[in-house]
Amino acid sequence: MENGNGPSSCCNGNGNSNGAPSPPHVAMLVTPGMGHLIPLAELAKLLASRHGATATLVTFASTASATQRAFLASLPPAVSSLALPPVDLSDLPRGAAIETLMSEECARSVPALTDILLRLRRTTRLVAFVADLFGADSFDAARAAGVARRYLFFPTNLHVLTLILHLPELDASVPGEFRDLAEPLRLPGCVPIPGPDVLMPLQDKSNPSYKWMVHHGAKYREADAILVNSFDAVEPGPAKILRQPAPGRPAVFPIGPLIQADRGSSDGPCPCIEWLDRQPDRSVIFVSFGSGGALPAEQMRELALGLELSGQRFLWVVRSPSDEGAVNDNYYDAESKKDPFAYLPEGFVERTKDVGLVVPSWAPQIRVLAHRATGGFLTHCGWNSVLESLVYGVPMVAWPLYAEQRQNAVMLSEGVGAAIRVPESKGREKIAAAVREVMEGEGKGAAVRAKVAELQKAAAEGLREGGAAATALAEVVGKWTCGEN
């Protein structure tokens, strides 16, 4: 159902009730996850504020939640929302991968999406359809509904996009599993990726999620263009390659970083922000594994002891460990399942009360990263979190969990140099050493802090009028008005 902010049904492709031309309208399909919804919503807001467009965000029934409803209701009047009807996924095996669930839900929603797009064509000046990374099958719905222009919005980075675009040929040329590769995977312009760090859904070729990813890699080429939530300075190699036209590949437009613009400062007092207000500048490391991440119990214990051993001030968003040890256990529900404090080492909270604050389940991440007291971010390397850290100039300690996060960690630590990665063993001493280095180290830590300051400046410059990201988006919008693809 619509959120009430949608375009009036009196509008059609030719004009509104006053005879004036209707604004260009864009339909955007959001596959499950707030990490997919937030950047697409920011794109919709940008299209409205800078280019006078309106948009409809089309969401899936599986992600209906109080958090999502509140977020959608907060969007400006130019951005409406519609929910697709539920689809039956009961035939899928228990424990099916998230990537499989999202891909199947999209493919099975094509008839309902076609009907929505036909209705939008009747009631708005629908100029384009945008799908995100697991929604490429929805291009079939856009084509059936007669939508002239079909775009892919890629909410993560150019390294991951390069990998997925090459997947059909890699599927044919790479024998065995990626994790068993003797040499790192080398792709045009990209940082070499060790086999075990390659995108998680590609790590088991017998799993349906692998076949889905290969399918998406082929389907992406049906897009008229690909819009990517990244910017050249953070991954200059693939940016240079993908900006060059290539036969059979859509044009690629880096239009990021798109992050949630509202810091939530109007939400009233927040204990963790009040605690930060009492800390010295750049003295606190913020520890959070995103809305979907949970650590195994033993790693959670080592992290606690590592933070204590580091001697640094910290703000830690803690969740109970997953019973099954699945690091993405909270993907559809960010609330901690049990009391997380029960899993911390005995006496930890009391011993660290003068330097640390532990909060359950959630903290206002944008406000924390923007705060003067925050000097580092121990992150799961989800791409939204990475971009937020760069926008606010916060150097990172990389602790990847799932999806593309291990690949992101390689790019950030071995490529651009914006993070220090915690070693795979995750022992307390190594955790403490990585935290201390990012916060106050004079060698690699100092280089990371300097690089992040440089990337912060580049990100801001790209988004300004006339900047690279703003210019790229304006080029795409210009094609809507002059009839080009």
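Which domains does the domain assignment of the chain give? In this predicted model, the assignment yields domain 1, made up of 25–261 + 464–479, and domain 2, covering 271–461. Taken over C-alpha atoms, the centres of domain 1 and domain 2 lie 27 Å apart.

A look at the boundary between the domains comes next. On the side of domain 1, 40 residues are in contact with domain 2, which contributes 29 residues of its own. The size of an interface is often given as the accessible area lost when the parts come together. Between domain 1 and domain 2, the buried area comes to about 2800 Å², and carbon and sulfur atoms give 64% of this area. Charged side chains also take part, with a count of two salt bridges between the two domains. As for individual charged pairs, Arg421 forms a salt bridge with Asp197, where the closest N and O atoms are 3.0 Å apart.

Strand β9 (residues 313–318) offers a good place to look at the strand pairing in detail. This strand is mostly covered, with five of its six residues buried. Strand β8 (residues 284–288) runs parallel to β9 and is joined to it by four bridges. Within this pairing, Ile285 stands opposite Phe314 of β9. To get from β8 to β9, the chain passes through helix α10 (residues 297–310), and the resulting β-α-β crossover is right-handed.

β9 also pairs with strand β10 (residues 356–360), again in the parallel sense, over five bridges. Here Leu315 of β9 stands opposite Leu357 in β10. In a regular strand the side chains alternate between the two faces of the sheet.

Methods. Residues are numbered from 1 along each chain as its sequence is written. This is a predicted model: local features need pLDDT of at least 70, side-chain atom pairs count only at pLDDT 80 or more; totals for chains, interfaces and linings use all residues. Side-chain values use heavy atoms; hydrogens and water are left out. Buried means under 20% relative accessible area, exposed over 50%, partly exposed in between (1.4 Å probe, protein chains only). Helices (H or I, at least four residues) and strands (E, at least two) are DSSP runs, numbered from the N terminus. Two strands pair if DSSP finds at least two bridges between them. A crossover is right-handed if, with the strands pointing away from the viewer, the path from the first strand over the helix to the second runs clockwise. Domain bounds come from an automatic or database domain assignment. Contact means heavy atoms within 4.5 Å. Buried area is the accessible area (1.4 Å probe) that two parts lose on being put together, summed over both. A salt bridge is a side-chain nitrogen of Lys or Arg within 4 Å of a carboxyl oxygen of Asp or Glu.
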